Each structure stands twice: as C-alpha cells, then as structure tokens.
Amino acid sequence: MKFADWTQGARRFVTGLATGRIARGVAVAAVALAGAWLGVMLGGAVRANVGPVELGMSAEPSWTGETVVDAHPFGTLLFDTHDAPVGLRVTLENINPERARGFLDDPRFSADRLPALLEEELGAGVRTLVLRAALSGLVGALVTSLIVFRRPGPALAGLLGITVAIAGTGAAIALTFRPDSVVEPKYTGLLAGAPSLVGDAESIVTRFESYRVQLAKLVNNVSQLYDTVSALPVYDADPTSIRVLHVSDIHLSPIAWNLIRSITTQFKIDAIIDTGDLTDHGTGPEDRFTEEISTFGVPYVFVRGNHDSMATQRAVAKQKGAVVLDGEAKTVAGLRIYGIGDPRFTPDKSVPVDSNLESLDALGRSHAAELAKLPKQVDLVAVHDPTIAKGLSGAAPMVLAGHSHARSTELLPSGTRVLVQGSTGGAGLRALEHDEPTPVEASVLYFDAHTNRLRAWDDITLGGLGEQSVQIQRHVETDPGRTISPVPTTAPSPTGSVTVTPSP
C-alpha cells in the first residue's frame with residue numbers, strides 16, 4: 001500500500017470517528033434535555049399558600065423569560081421579570097373568602113406588615129419550585145437517558161450536561177432579575193376588570209421602588225375580586241391624577257364610539273384627545289358621524305387629520321364639549337394643550353398624499369418657535385402626523401400624534417416624548433384591505449395634577465375585525481420631571497407643497 005493511500009484511509013477513519021462522536025454527543029444532549037423537560041412538566045409544579053390565595057407554580061420553556069399570572073376567569077398578567085429560556089407560570093388555584101376578608105379587615109395585617117408576610121410566603125414557594133424543578137429535571141434526564149441508551153456512560157454524560165444547563169439558567173435568572181417589572185404588567189382579559197386588578201397609576205408611580213407594596217396591592221385586589229365574584233370590580237379613580245384618553249384615526253368606524261364610551265366610564269376619563277382622521281373623505285354626509293362627541297360628557301379635543309376637511313373641523317366644533325385646536329392653545333382639564341391641524345387634505349387629489357417630509361418637519365419646527373414665545377409653556381401638543389410631531393422636539397414635554405395606524409412611542413433627545421396612537425377605529429373599512437385585521441387601539445394617559453407631567457399610561461388593544469381579544473399594557477414614565485431642551489430661537493420657513501386645501 002502506498003503511503004498516500006494509507007494516510008487518506010487514516011484521515012477517513014479519524015473523520016468518521018469524530019463525526020460519530022459528535023452525533024452521539026448531540027443525541028445524548030437532545031435525549032437528556034427532552035427528559036429534563038418531561039421531568040419538570042410532570043414533577044416540577046408546586047402549590048403554595050400566599051395570604052388567602054392558593055397558588056399553583058410551574059416552570060415552562062420560554063424564549064423571552066417571563067412570569068405569567070393566570071387570574072382565571074378574568075385574564076392573565078404578564079411580567080417581563082428576567083431573561084432566560086425558562087418562564088414562571090403562577091395560577092390562582094383557589095381562594096378562601098373568609099381568610100380574604102380576614103386579611104383585609106384584620107388590623108394586624110396593615111400596609112406595613114402584609115407586604116413582608118406575602119413576600120416571605122411567595123419567596124418560600126418560589127424556592128420550593130426551584131428545588132423541585134431542578135431535581136425533577138435531573139431525574140427525568142437520567143431516567144430517559146437510561147431508557148434510550150441502556151448504558152450508564154451516556155446517561156451520566158447527559159446528567160452532567162443537564163446539571164450545567166440548570167446552573168447556567170439559574171445564573172441567568174439571578175443576573176437579569178427585574179423586580180420593578182411588577183409595575184409594568186401586560187394584562188389580557190376583561191377590559192372593565194383590568195384597572196382594579198393592576199392598580200391605579202398614581203399609586204404605582206409614587207411607590208415605584210417598592211416591589212413589596214405592589215405585591216401586597218396585587219394580592220389585596222385579587223382577594224377583593226374573588227370576594228365579589230358576582231360582579232366586576234369598579235375602578236377606584238385616583239383624585240390626584242388627570243386621566244386623558246388618546247384616540248386617533250377613527251375613520252368613520254362606529255366601534256370606536258363604543259370603545260371610547262366604555263373607557264371613559266370605567267377609567268373616569270377627564271378629557272379625550274383625538275389626533276385626527278375622524279372621517280374618510282371629509283364630505284357633508286360624514287358630518288353626522290361627529291354628533292356622538294356630545295354624548296361623552298367630557299371635553300373632546302380635536303385636531304384635523306389629512307382625511308378631515310375644514311367642513312369636518314367645523315362640524316366637530318359644533319358639538320357639545322368639543323375643543324377644536326388649529327394653531328392655538330387652550331386649557332382643558334387642567335392641562336395646557338396646543339393643537340395643529342394637518343395642512344393636507346388627502347381626498348383632494350390636487351395635493352400629494354405623501355407631502356414633502358422636510359416640509360412637515362419644518363412646519364413642526366416653525367410652531368415650536370412660536371410656542372417658545374408664549375408666556376406659559378404648554379403641557380402637551382396634539383398633531384396628526386408623527387413627522388410634524390418630531391419637528392416640535394423641545395417645545396413641550398409630550399406630543400401626541402396618529403396617522404400611521406401603528407402605535408409607538410419615542411423619547412427624543414430634547415426630552416420630549418412622542419406618542420403615536422394606532423387606529424382607534426381599526427382603520428375603518430381599510431381593515432378589509434389586508435390579510436390581518438388592524439387592531440383597535442387607544443391609550444389612557446395619567447398626568448400629575450401638580451406638575452402636569454405624564455406619570456404612566458395604559459395601552460389598550462382590542463382584536464381587529466372578526467377577533468375577540470382585549471389587552472392592556474401598563475407603562476411607567478421613569479423620569480417624569482426631566483428637563484426639556486428649549487426650541488430653536490429662529491423659526492424655520494416651511495418649504496414644499498404642504499398647503500391647507502379648502503373643503504369640498
């Protein structure tokens with residue numbers, strides 16, 4: 001045999017041996033991992049008593065690493081508590097009404113004592129879950145490996161690998177644990193019950209650093225909720241905050257009026273701000289759609305959108321409680337609000353739908369310079385297009401906008417927060433133009449009554465056409481008293497084709 005043939009044969013043998021070892025290693029790891037998860041699913045769950053509530057706790061695979069509280073039949077609470085490939089599911093299995101009333105009425109369980117007790121009992125339950133889940137995972141990996149490979153070597157290798165994986169997962173949870181995530185839950189379930197279950201914005205903001213107090217409040221509210229299971233809880237309005245409902249892009253959708261009426265009642269709204277596109281074509285027959293505004297019983301602030309004509313604006317102004325803003329500021333519900341009507345009117349085909357973005361930005365900066373001249377700073381600005389909103393950077397602590405039919409928020413370098421609302425009307429008939437229905441979106445904003453600064457907001461999302469879902473997500477403004485940079489001292493001149501077009 002030639003030396004070259006011998007070396008080539010040796011190379012093939014070594015390559016095959018290495019490939020076989022890698023394949024066996026992957027197989028051992030896969031079987032051990034599957035066995036570990038099976039063990040955790042079968043034997044890792046625990047039950048714990050936290051105050052008057054009996055909880056079921058279990059670990060489950062999760063790419064995002066979250067904690068889910070299942071408060072059936074009212075919905076679920078989701079908390080972004082950590083970053084690891086395992087999540088915690090907490091289920092409210094049972095509650096003793098007598099013990100619940102005892103915890104609520106007994107003076108020994110005051111606001112100072114109850115948080116410590118609940119934290120201690122919950123911590124004990126979580127520690128038990130961790131130990132039991134880890135042991136169940138190890139046993140599951142060992143037993144499954146023995147059944148599949150029938151040899152102790154691969155089984156021990158799989159057990160060692162799972163031990164390392166569990167230790168790494170535990171370290172990831174400990175390093176990324178965020179207890180403050182309890183103040184920003186995502187709630188899915190009955191809309192009317194959400195505010196009472198989560199808690200009002202002022203109490204969350206003023207006690208932002210106190211995870212223990214929030215835990216007590218959550219359990220107290222759950223106790224009250226189950227104690228009065230025959231009726232939905234009533235939202236306990238916070239008298240020290242100003243509650244504003246932000247809606248936009250209704251596009252003649254009647255479902256928006258029902259949603260606005262429900263939120264206004266349940267959340268005790270002080271004022272509604274509509275950032276435009278109330279109609280589709282701005283024609284006379286559409287003016288009747290605006291008559292619903294007079295039935296809400298609270299101020300309805302309106303700025304014109306690119307689908308609203310000047311005739312639409314006049315029709316809104318005629319309604320009881322309507323406040324139309326178009327280049328002026330007014331005080332509504334204690335807030336100084338400045339509004340800018342959209343300069344375009346899209347149904348008029350003589351004006352391009354997508355006007356020059358630089359012109360829109362210049363329009364915003366021009367108004368920002370005018371706002372700088374006012375003797376009193378405005379608390380927020382309402383516009384329709386987000387491009388105009390960004391041009392107002394530094395002019396106010398907050399700018400509300402719409403137009404894009406997709407909710408978003410951005411904190412600009414100047415300190416101004418821009419909150420873009422989705423379509424409160426589910427984009428109207430445009431919902432039929434896409435494969436997926438456009439969700440129905442609105443937001444409740446909570447302002448401090450003394451500083452008039454935003455403290456927190458709830459994003460409310462309903463499933464679009466043909467869907468049955470409700471979701472509320474709480475956000476907290478981490479620095480409500482931040483400094484807002486001043487606007488430019490010289491007013492830029494808007495350029496391009498942005499003009500106000502007369503209504504048809």
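Patches are made of residues with over 30% relative accessible area and no salt bridge, nonpolar side chains being joined within 5 Å. In the predicted model examined here, a nonpolar surface patch of about 460 Å² is formed by Leu 135, Val 139, Val 143, Ile 147 and Val 148. Of these residues, Val 148 belongs to helix H3, which covers residues 113–149. Val 148 has a relative accessible area of 47% and is therefore partly exposed, a value that also satisfies the threshold of over 30% required of a patch residue. An α-helix has 3.6 residues a turn, so residues three or four places apart point the same way.

With respect to the overall architecture, the protein contains 11 helices and 19 strands. Of its 504 residues, 49% are buried. Among contacts with a sequence separation of 6 or more, 66% are between residues 24 or more positions apart. The exposed area of the protein is about 23600 Å², of which carbon and sulfur atoms supply 59%.

Helix H4 comprises 25 residues, from 152 to 176. The distance from its first C-alpha to its last is 36 Å, close to the 36 Å expected at 1.5 Å a residue. The buried residues of helix H4 are Pro 154, Ala 155, Gly 158 and Ile 162.

Aromatic contacts were then considered. A search of the whole structure yields four aromatic pairs. In one of them, the ring centres of Trp 257 and Phe 289 are 5.0 Å apart and the ring planes meet at 35°, so the pair is classed as tilted; the stacked class would require planes under 30 degrees apart. Trp 257 is located in helix H8 (residues 254–266), whereas Phe 289 is located in the loop between strand S8 (271–274) and strand S9 (300–302), so the pair ties together parts that are 32 residues apart in sequence. Both Trp 257 and Phe 289 are buried.

Phe 296 and Tyr 300 form an aromatic pair of the stacked kind, with a centre-to-centre distance of 6.1 Å and an angle of 20° between the planes. Phe 296 has a relative accessible area of 9% and is therefore buried. For Tyr 300 the relative accessible area is 0%, so this residue is likewise buried. The two pairs do not stand in isolation, since ring pairs link Trp 257, Phe 289, Phe 296 and Tyr 300 into a cluster.

Note on methods: Residues are numbered from 1 along each chain as its sequence is written. This is a predicted model: local features need pLDDT of at least 70, side-chain atom pairs count only at pLDDT 80 or more; totals for chains, interfaces and linings use all residues. Side-chain values use heavy atoms; hydrogens and water are left out. Rings of Phe, Tyr and Trp (its six-membered ring) pair if their centres lie within 6.5 Å; planes under 30 degrees apart count as stacked, over 60 as edge-to-face and the rest as tilted. Helices (H or I, at least four residues) and strands (E, at least two) are DSSP runs, numbered from the N terminus. Buried means under 20% relative accessible area, exposed over 50%, partly exposed in between (1.4 Å probe, protein chains only). The expected span of a helix is 1.5 Å times one less than its number of residues. Patches are made of residues with over 30% relative accessible area and no salt bridge: like charges are joined within 9 Å, nonpolar side chains (Val, Leu, Ile, Met, Phe, Trp, Tyr) within 5 Å. Accessible areas come from the Shrake-Rupley method with a 1.4 Å probe; for residues, only the protein chains shown count as cover. A salt bridge is a side-chain nitrogen of Lys or Arg within 4 Å of a carboxyl oxygen of Asp or Glu. Contact means heavy atoms within 4.5 Å.
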